[in-house]
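Please look at the sequence and the 3D structure shown here before reading on. The notes that follow take up helix packing, the barrel and the ligand, topic by topic.

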Amino acid sequence: MAKLQVAIDLLTTKDALELAAKIAPYIDIIELGTPLIKNEGIAVVTAMKAAHPDKLVFADLKTMDAGELEADIAFKAGADLVTVLGAAGDATIAGAIKAGKAHGKGVVVDTIGVADRVKRAQEVTALGAEFVELHAGLDEQWTEGYSIQVLIDEAARAGVPVSIAGGVNISNVADVIKAGAIVAVAGAAIYGAEDPAAAAKALREAIDAV
Ligand SMILES: O=C([C@H](O)CO)[C@H](O)[C@H](O)COP(=O)(O)O
């Protein structure tokens, strides 16, 4: 069954915990967004795991160097999954994966900014990534002409386990899963909704209906 990941791009631990409490029944993976971790520090990971020990807690570190060291910090804080950038060198990605193995946890490689996301996804899967995030970041989404269809098409030909992040919402989540993504990542579609629980529930139901 495909998973639903909420990307919490709020800025305080309090707001993140309040959101997670509302939507937890519908979510498999709780992502602490990069801006949130930068604002609150790694302690937000510990707080979220303590509040939701039954969920996978995802620390979106977007590590670019010192892969083993940074991943180790997040795993020690309670993360189940951490991100390292696909744009980083193989040694950085391998270092993060080494830390993941030491903790019995996983590393997700984020392809934000990578020109050939499918090729890099295949390369880093061979290195031992848990799965690869086909990702168009917030700035790319706000660029004229952006369409999530690019990521959906890439997922269909990746041939390795991928998630999709970059504007997932209720109108495209079924296509995301039909393309073969094992995880749909939704940020603004949940935290920006008037009723986040209803939005998360609708996404969950759309995923389960595929
Ligand atoms: O990873 C993200 C971004 O780089 C900011 O941290 C987002 O969480 C990701 O793009 C998903 O968010 P939405 O596009 O709002 O669904």
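**Helices, barrel and ligand shell**

Helix H4 and helix H5 (residues 90-103) pack against each other at an angle of about 35 degrees, and their axes lie 7 Å apart. This is a predicted model, and the points below describe, in turn, its helix pairs, its barrel of strands and the residues around its ligand.

**Helix H4 with helix H5**

- The crossing that H4 makes with H5 is right-handed.
- On the H4 side, the contact is made by Gly67, Glu68, Ala71, Asp72 and Phe75, while H5 contributes Thr92, Ile93, Gly95, Ala96, Lys98, Ala99, Gly100 and His103.
- Sorted by class, the residues in this contact of H4 with H5 comprise five nonpolar, five polar and three charged.

**Helix H1 with helix H3**

- Helix H1 (residues 13-23) and helix H3 (residues 43-51) have axes that come within 10 Å, and these axes cross at roughly 25 degrees.
- Because angles under 35 degrees count as roughly parallel, H1 is roughly parallel to H3.
- The crossing in which H1 passes H3 is right-handed, and the contact involves Thr13, Ala16, Leu17 and Ala20 from H1 together with Val44, Ala47, Met48 and Ala51 from H3.
- This contact of H1 with H3 has seven nonpolar residues and one polar residue, with no charged residues.

**The barrel of strands**

- Eight strands close into a barrel, following the order S1-S2-S3-S4-S5-S6-S7-S8 with parallel pairing, and from one strand to the next the twist averages 25 degrees.
- Strands of a sheet pair through backbone hydrogen bonds, and this pairing may be either parallel or antiparallel.
- Strand S1 (residues 3-8) pairs with strand S2 (residues 29-32) in the parallel sense over four bridges, and Gln5 has Ile29 in S2 as its bridge partner.

**Helices on the strands**

- Helix H4 (residues 67-77) lies across strand S3 (56-63), strand S4 (81-85) and strand S5 (106-110), and H4 runs at about 150 degrees to S3.
- Helix H11 (residues 196-208) packs on the sheet, where H11 touches S1 and S8, and the direction of H11 makes about 150 degrees with that of S1.

**Around the ligand**

- Which residues come nearest to the ligand? Of the 18 residues around the ligand, these are Ala7, Gly33, Gly137, Gly187 and Ala188.
- Two or more residues of the shell around the ligand come from each of helix H2 (34-40), helix H7 (138-141), strand S8 (183-186) and helix H10 (188-191).
- By class, this shell consists of nine nonpolar, seven polar and two charged residues.

Technical notes. Residues are numbered from 1 along each chain as its sequence is written. This is a predicted model: local features need pLDDT of at least 70, side-chain atom pairs count only at pLDDT 80 or more; totals for chains, interfaces and linings use all residues. A residue is near a molecule or strand if its C-beta atom, placed from the backbone, lies within 6 Å of it. Ala, Val, Leu, Ile, Met, Phe, Trp, Tyr, Cys and Pro count as nonpolar, Asp, Glu, Lys and Arg as charged, and the others, Gly among them, as polar. Axes are lines fitted to C-alpha atoms, for helices over the stretch in contact, and angles run from 0 to 180 degrees between N-to-C directions. Angles under 35 degrees count as roughly parallel, over 145 as roughly antiparallel, 65 to 115 as roughly perpendicular and the rest as oblique. A crossing is left-handed if the near helix is turned anticlockwise from the far one by less than a right angle, and right-handed if clockwise. Two residues are in contact if their C-beta atoms, placed from the backbone, lie within 7 Å. Two strands pair if DSSP finds at least two bridges between them.
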